[in-house]
Every structure is written in C-alpha cells, then in structure tokens.
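Take a moment to look over the structure below before reading on. We will walk through it together, one region at a time.

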Amino acid sequence: AINEADGDADPSVEVVDGSYEESVTVDVEGLTIQPVGDAEPTVDATDAFAFEVVEPGVTIEGLAITNELEANENVVSVAHGADGETTLLDNEITAVSGFADETGETEFSVETESTLIAEGNTFTEETDEATLTHGIRGTSADAADSVVVGNQFGLDDAAGDSMTTGLQFSGADNVTVEDNAFVDIFGTAVLFSGDVTDATVVQNEFTGTGSGVGFLSSGASITGDLVVEENNFEDVGAEPAPEQAVFVGDDFGDFAASSVDEVDATENWWGDESGPGPVGPGTGATVTEGVEFDPWLDAPFPEGEPVTDGNIDIFDVQGDNETVAGGELEISGTVENELQAAEDEGREFTVEHRIELDGELQTLQEKTVSIVPGQQVDVEFTSDVPEDAADLDASHRIEVEGEFFKQDLTVF
C-alpha cells in the first residue's frame with residue numbers, strides 16, 4: 001500500500017506495478033510519488049479521493065489515478081494553503097462520474113486551494129451521461145501563480161458527453177494556461193471567475209468545445225493583463241452555449257462586461273481566415289464585446305500570419321490636379337480588402353474624399369462600400385470645393401480607415 005511507505009525517511013516513494021485500491025493522504029512536505037522504472041501503477045480509490053495533499057512541495061508523477069465520484073468529490077485534492085506548490089506531472093487522471101448534471105452538483109478531477117503546477121497530464125471523464133465534471137478547479141486566492149501546461153483535457157475518441165469544464169480558477173491571480181489541448185468539452189474549456197488579476201492563455205488547442213475561454217466576474221472584478229493569444233479555435237460553439245470562443249461578462253448570457261477589463265485576444269486562429277464574429281467581421285468562432293481580436297491569424301498557429309481588418313490597399317488613383325474655389329473636384333480609385341478570400345457578405349467600409357487646404361484636412365464626401373476579403377471595389381467622387389479654398393499647395397485624397405492615397409492639387 002502506498003499509505004504504508006515511509007516518506008519521512010526518504011522524500012521519494014517509488015510505486016511498483018499493480019492496482020492500489022486506497023485513498024492516500026500526503027502529509028510529508030517535499031515528497032515525490034512516482035513509478036519504479038517503467039512500471040504503470042493505478043491508484044483507484046473507488047468512492048473516495050485518491051490523493052489528498054496537505055503539505056507543500058509534493059510531486060505526483062506518472063500514475064493512473066481514478067475513482068468514482070459523487071457530488072462535490074475529487075480525484076485529487078490539494079489543500080496546503082498559500083505555502084509552496086504541488087506538482088502533478090505526466091499522470092492519467094480519470095473521473096468516473098456517479099451522477100448526471102440535472103442534480104446541479106459538481107465534481108472535480110483535481111480541486112486545489114493552493115498553487116498547482118500541472119504538466120503533461122491527461123484529464124478524462126467516464127460516464128454515459130453529461131455531467132458537471134471539471135478537469136481542474138482552483139477554489140481560492142491561494143491558488144495564485146498556478147501553471148497548467150502541456151495537458152490534455154478530454155479525448156479525441158471520447159464516447160458520449162465529455163466533462164463540462166476543462167479548468168476553472170476562481171479568485172486566483174496570475175494563472176498561466178499554455179500548450180494544452182481541450183477536446184470535446186461540453187461547456188467552457190477555460191473559465192476564470194471572481195476577483196482575478198492577470199491571466200494568460202496561450203498556444204492552446206480548442207476543438208469541439210462549447211466555449212473556449214470565459215471571464216465571468218460574477219459581481220467581482222477581473223482586471224490586469226488578460227491575455228488570450230496564439231490559440232487555435234476549431235469547431236468551437238457547440239451547444240449548450242454560451243457559444244463563444246472568448247467571452248466576458250458578469251454571468252453566463254450576460255456579456256455586459258462592466259467589471260471585466262478588456263481581453264487581449266489578438267493573433268488567434270478563429271477557425272476561418274476571415275476572423276471571428278459576430279462583433280468581428282468574419283465567419284469564424286464568435287467573441288463578445290470587450291474582446292480585442294484584431295489582428296488575428298489567417299491560418300492555424302504556428303503557421304498563420306497576423307492579418308487585420310484594416311488591411312486596406314488603395315491604388316489606381318486618378319484625380320484632378322487643379323480646380324477653382326467653389327468649383328468641382330473629381331477623383332477615382334480602387335479599394336481592396338487584402339485579407340484572404342472568405343465566403344461571407346463582406347464588411348462595410350467608409351471611403352472618404354478629403355481635401356487638404358492650408359495644412360487642414362476636411363471631408364468633402366464619403367461613401368459606404370462592402371468589400372469581401374480578397375476582393376476590391378472601384379470608387380468615384382465628384383465633390384464641391386469650398387468657396388474660400390484658394391491654395392496653390394493643396395492636395396486631395398481617397399482615404400479608408402486611416403489608409404490613403406493623395407493627389408497634389410492647385411486651387412485657384
């Protein structure tokens with residue numbers, strides 16, 4: 001039995017092959033529990049926690065860990081407060097759910113009240129029904145500075161419904177989520193809630209998840225550097241909602257986001273080269289207001305290149321070189337949306353005919369055009385020149401969202 005190992009004499013417990021039907025309380029600071037050589041031991045607590053870690057500095061490595069969960073139970077529980085951290089490394093952690101989600105109760109593969117380092121683990125859930133199972137749940141401010149890197153949440157060949165949440169941290173600052181795969185997550189893959197300062201979600205794969213990354217203040221506030229970058233969102237937005245790749249708000253379905261700082265979600269792949277919708281211009285995965293998505297990637301990370309919705313080119317401009325005050329002024333040109341082609345209805349742009357007189361710019365006329373990424377439109381203007389516009393060193397231009405092509409002009 002693992003519980004009978006003398007961790008006080010040796011800070012490392014090596015486990016031989018076999019199935020260990022027990023609940024292990026780890027109360028030795030700095031202890032490492034790992035297999036002997038190539039052994040593949042399984043810890044199956046059946047109907048209780050498999051591991052309860054109550055001292056810091058503990059590492060649990062290379063084990064298959066499982067139990068059959070009931071409401072509010074955990075496979076692994078970490079509860080040593082703000083002192084030190086616990087490391088889970090290269091484990092297979094499986095929650096065998098004992099109830100369906102209509103009970104309104106929640107169960108957790110790993111629940112932590114302390115700083116957690118989780119690397120290279122696989123988190124899965126086995127049941128025939130949808131359940132409220134979390135892969136990782138951080139429940140207090142003492143879980144600050146947790147790092148979740150290189151893990152798999154859910155399986156590509158998962159049968160039936162998967163866990164409802166990949167990981168959630170409530171009230172924990174400076175959490176990093178990097179290089180993980182979230183597959184077939186029934187609800188939200190990564191969720192931050194409560195009072196949170198600083199959160200980083202980078203270089204993860206989100207596939208077939210209900211939602212990707214959520215920030216729910218729940219009446220508290222989420223502030224600081226909220227970074228969601230270089231992630232791939234594929235087939236994100238399955239039922240039961242909130243159907244967003246990245247969302248912010250005070251509650252599910254309430255995306256007012258009044259108590260959440262703006263989320264920097266630039267340079268992500270949204271599943272389509274046209275970018276995200278519906279607040280974005282594209283047909284890819286959706287985001288809410290309060291999420292900065294521009295520029296995005298035109299292909300999955302790391303091959304994708306950043307593109308921006310303002311990536312406009314103006315060319316073939318021809319216009320009058322001279323006119324008179326109070327007269328007419330003509331100019332024409334071609335405006336191209338340089339994003340790669342995408343099958344959507346295009347985005348509306350405001351094209352302006354502007355004149356510069358005595359160093360001051362003013363708009364003579366403007367038009368609204370719709371341009372599908374990768375396509376172009378021709379525009380023509382015939383505008384009235386102001387009566388007091390005499391300027392031998394004037395110019396006029398076609399301008400779109402700060403991009404312009406100007407023509408020298410003499411106004412007599």
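What follows is a tour of strands, aromatic rings and charged side chains. Please keep in mind that this is a predicted model.

Let us begin with strand E13, which covers residues 115–119. Is this strand enclosed or open to the outside? Of its 5 residues, 4 are buried, so E13 is largely enclosed by the rest of the structure. Now look at its neighbours. Strand E10 (residues 85–89) pairs with E13 in the parallel sense, over 5 bridges. Strand E16 (residues 147–149) also runs parallel to E13, and 3 bridges join these two. One residue helps you to see the arrangement: Ala118 in E13 is the bridge partner of Leu88, and Ala118 also has Val148 in E16 as a bridge partner. If you find Ala118 on your screen, you can trace the path from Leu88 to Ala118 and on from Ala118 to Val148.

Next come the aromatic rings. How many aromatic pairs does the structure hold? There are 7 of them. One is formed by Phe153 and Phe182, whose rings are stacked, with 4.8 Å from centre to centre and 10° between the planes. Phe153 belongs to strand E17 (residues 152–153) and Phe182 to strand E20 (residues 181–183), so the pair links distant parts of the chain, 29 residues apart. Both Phe153 and Phe182 are buried.

A second pair to find is Phe192 with Phe215. Why does this pair count as stacked? The ring centres of Phe192 and Phe215 are 5.4 Å apart and their planes meet at 15°, and planes under 30 degrees apart count as stacked. Phe192 sits in strand E21 (residues 188–193), while Phe215 sits in strand E24 (residues 211–216), so the pair ties together parts that are 23 residues apart in sequence. Phe192 has 0% relative accessibility and therefore counts as buried. Phe215 is buried too, again at 0% relative accessibility.

Ring pairs can also join up into a group. Here they link Phe123, Phe153, Phe182, Phe206, Phe233 and Trp270 into a cluster. Try highlighting these six names together to see how Phe153 and Phe182 take part in the cluster.

Now move along the chain to another sheet. This one is open, has 5 strands in the order E35-E41-E40-E37-E38, and shows mixed pairing. Which strands stand at its edges? They are E35 (322–323) and E38 (360–371); each has a single partner strand, so one side of each is left without a neighbour in the sheet. Further in, strand E37 (residues 347–357) and strand E40 (residues 391–400) pair in the antiparallel sense over 6 bridges. One example of this pairing is Glu352, whose bridge partner in E40 is Glu399.

Strands E37 and E40 are also connected through charged side chains. A search of the whole structure finds 3 salt bridges. One joins Arg354 to Glu399, with the closest N and O atoms 3.4 Å apart. Because Arg354 lies in E37 and Glu399 in E40, this salt bridge ties together parts that are 45 residues apart in sequence. Glu356 and Arg397 meet in another salt bridge, at 3.7 Å from N to O. That pair also links distant parts of the chain, with Glu356 in E37 and Arg397 in E40, 41 residues apart. In a further salt bridge, Glu399 and Arg397 meet at 3.6 Å, N to O. Salt bridges that share partners join Arg354, Glu356, Arg397 and Glu399 into one network.

Are these charged residues buried or exposed? Arg354 is buried, at a relative accessible area of 16%. Glu399 counts as buried at 10% relative accessibility, and Arg397 counts as buried at 7%. Glu356 is partly exposed, with a relative accessible area of 23%.

Charges and rings meet as well. The charged end of Arg397 sits over the ring of Phe404, 4.0 Å from its centre. Lys367 lies over the face of Phe381, at 4.8 Å from the ring centre.

Finally, turn to the surface. Val324, Leu392 and Phe412 form a nonpolar patch there, with about 320 Å² of accessible area together. Phe412 is found in the segment after strand E41 (403–411), and Phe412 is exposed, with a relative accessible area of 52%.

Key. Residues are numbered from 1 along each chain as its sequence is written. This is a predicted model: local features need pLDDT of at least 70, side-chain atom pairs count only at pLDDT 80 or more; totals for chains, interfaces and linings use all residues. Side-chain values use heavy atoms; hydrogens and water are left out. Rings of Phe, Tyr and Trp (its six-membered ring) pair if their centres lie within 6.5 Å; planes under 30 degrees apart count as stacked, over 60 as edge-to-face and the rest as tilted. Buried means under 20% relative accessible area, exposed over 50%, partly exposed in between (1.4 Å probe, protein chains only). A charge sits over a ring if NZ of Lys or CZ of Arg is within 6 Å of the ring centre and within 35 degrees of the ring normal. Two strands pair if DSSP finds at least two bridges between them. Patches are made of residues with over 30% relative accessible area and no salt bridge: like charges are joined within 9 Å, nonpolar side chains (Val, Leu, Ile, Met, Phe, Trp, Tyr) within 5 Å. Accessible areas come from the Shrake-Rupley method with a 1.4 Å probe; for residues, only the protein chains shown count as cover. A salt bridge is a side-chain nitrogen of Lys or Arg within 4 Å of a carboxyl oxygen of Asp or Glu.
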